[in-house]
Amino acid sequence: MANKYKAPRGTYDILPAESYKWQYVESIFCETAKIFNYQKIVTPIFEQTEVFERSVGDSSDIVQKEMYRFVDRKGRNFALRPEGTAPVVRSYVENNLNLSGGNTKLYYLGPMFRYDRPQKGRYRQFYQYGIENIGSDNPFIDAEVIAFGYAFLTKLGLKNFELEINSIGCSNCSRDYDDALVKYFLPNLDKLCTDCKERIDKNPKRLLDCKVPSCREIAKNAPSMLEYLDEECRTHFEEVKSYLKQMNIPFKVNPKIVRGLDYYNKTAFEFLDNNLGAQNALIGGGRYNGLVEQFGGKDTPGIGFAGGFERLMLSMENEGLSFGEFPRPDVFLVMIGESAKSTAAALLNELRSNQIKAEYNSDKDSLKAQMKAADKENARYTLLLGEDEIAANSIVIKEMKSGEQQIIGRENLIDFLQNRLKIK
Ligand code: AMP
């Protein structure tokens, strides 16, 4: 029979052969968050459309072309979240998370949605991890947020990534810079792509990160933002660089990093893996002073980053890194005969309540078929329970790797296994 339905284009199922890898990568991310003392936040996967329109920006690709919008039964406008920062800031303001004073350090994991042409490393439903550090404009914090990203990638064992940083200044420096950009690009207007032609009025910085080769060529000699930074932004950037150096975090300054979203200012950064091809950004982040105020909160600076799990895992695969082990049972219980089955039910419960991962196959009767199943499950030990063992209150235990087999008393079984499996 053929399947009737398919997962929607640009989405995919995470099947058991892959899901344990995801759990591994997620656990390393959560561990890093613990070490850096970030707390988990979970926000809804849909928000009022305005949450994104106002913050990410009307001129951004995300809002203009990529948002999954819908109207609910009462005619309200919602969007599936295309990114995580705006919802976190919405929640920060709504829930007064700043009340405790100091910085609020949050992390999140979950699906994001963007309607874009699917390709390798780009999906319509994809999974991001991210952090937000809200409450301070101190460059020390910028360095910490970048250090978190660096620590995470390093913990996974990745080596072939690069960190690129930039300062995109504040609205004060942007005014002159935007003018300079318009002046630079205008003579070449007819050679720019349609998107860039539109962006030149709304957000000229976006012309710097257009991926169309002819636009890239023109952008090559565009004036650099770094020459237009005001005193405060320049000092801020210098200090971020200096902290990164002190932490031995290698980086390159790339004045072309602008990030596609409106809410960014000052520090912008990306972790890139150039072996990934066109979709080479592993992590993207930056400062968003002013965003909290836009959401109705007190003027509060913030900085954060987000990365996609899919690309991260592609990078890990390219570098031949381990994702931990496919989960396997500690023991496989083979039961021979009907009376064994009733004893087995209690035994399985006992094993599991003592932290021993236990599996069985109740639909196969023969010893051979059950041993085959134990092999297939890659169990460490097989326990054999038949009429004789029940009568003697014992059990046969076989270590699958060595083939070594012995009989032990039932009362010693749990201790024996816990010692061997180093559970205690
Ligand atoms: P952005 O919010 O666009 O800066 O994206 C941050 C990170 O999320 C990127 O560096 C990617 O790792 C990931 N990402 C963004 N869009 C997609 C997508 N459509 N499919 C898969 N990963 C994505």
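Me: A residue is near a molecule or strand if one of its heavy atoms lies within 4 Å of it. Which residues around the ligand come nearest?

Reply: This is a predicted model, in which local features need pLDDT of at least 70 and side-chain atom pairs count only at pLDDT 80 or more, while totals for chains, interfaces and linings use all residues. Residues are numbered from 1 along each chain as its sequence is written, and side-chain values use heavy atoms, with hydrogens and water left out. There are 14 residues around the ligand, and Arg114, Tyr123, Gln128, Arg259 and Ala281 come nearest. Strands β6 (125-134), β10 (281-287) and β11 (302-308) each supply at least two residues of this shell. Strands here are DSSP runs of E with at least two residues, and helices are runs of H or I with at least four, numbered from the N terminus.

Me: What makes the approach of Tyr123 to the ligand a polar contact?

Reply: A polar contact is a pair of N or O atoms within 3.5 Å; within protein, one must be able to donate a hydrogen and the other to accept it, and residues adjacent in sequence count only if both atoms are side-chain atoms. A polar backbone atom of Tyr123 is 2.9 Å from a nitrogen atom of the ligand, so the pair falls within 3.5 Å. An oxygen atom of the ligand likewise lies 3.1 Å from a backbone N or O atom of Leu282, and an oxygen atom of the ligand is 2.9 Å from a polar backbone atom of Gly308. The protein buries 90% of the 480 Å² that the ligand exposes when taken alone (Shrake-Rupley method, 1.4 Å probe).

Me: How do you know that Cys193 is in no disulfide with Cys196?

Reply: A disulfide is a covalent bond between the sulfur atoms of two cysteines. The rule used here asks for a pair of cysteine sulfur atoms within 2.5 Å. The closest cysteine sulfur to that of Cys193 belongs to Cys196 and is 3.7 Å away, so it is too far for a bond. Cys233 is in no disulfide either, as its nearest cysteine sulfur, that of Cys170, is 3.6 Å away. The count comes to 0 disulfides.

Me: Why is Cys233 called buried?

Reply: Buried means under 20% relative accessible area, exposed means over 50%, and partly exposed is in between (1.4 Å probe, protein chains only). Cys233 has 1% relative accessibility, so it counts as buried. Cys193, at 17%, is also buried.

Me: What makes Gln406 partly exposed, and Phe271 buried?

Reply: Gln406 has a relative accessible area of 30%, so it is partly exposed. Phe271 has 0% and is therefore buried. Gln406 is in strand β16 (residues 405-409), and Phe271 is in strand β9 (residues 265-272). Leaving aside residues up to four places away in sequence, Phe271 touches residues including Ile146, Tyr150, Leu153 and Ala281, where contact means heavy atoms within 4.5 Å.

Me: What is noted about phi in Asn96 and Lys266?

Reply: Asn96 has a positive phi of about 50° although it is not a glycine. Lys266 is also a residue other than glycine, and its phi is positive, near 50°. Asn96 lies in the loop between α4 (85-94) and β5 (104-113), and its relative accessible area of 42% makes it partly exposed. Lys266 is in strand β9, and at 5% it is buried.
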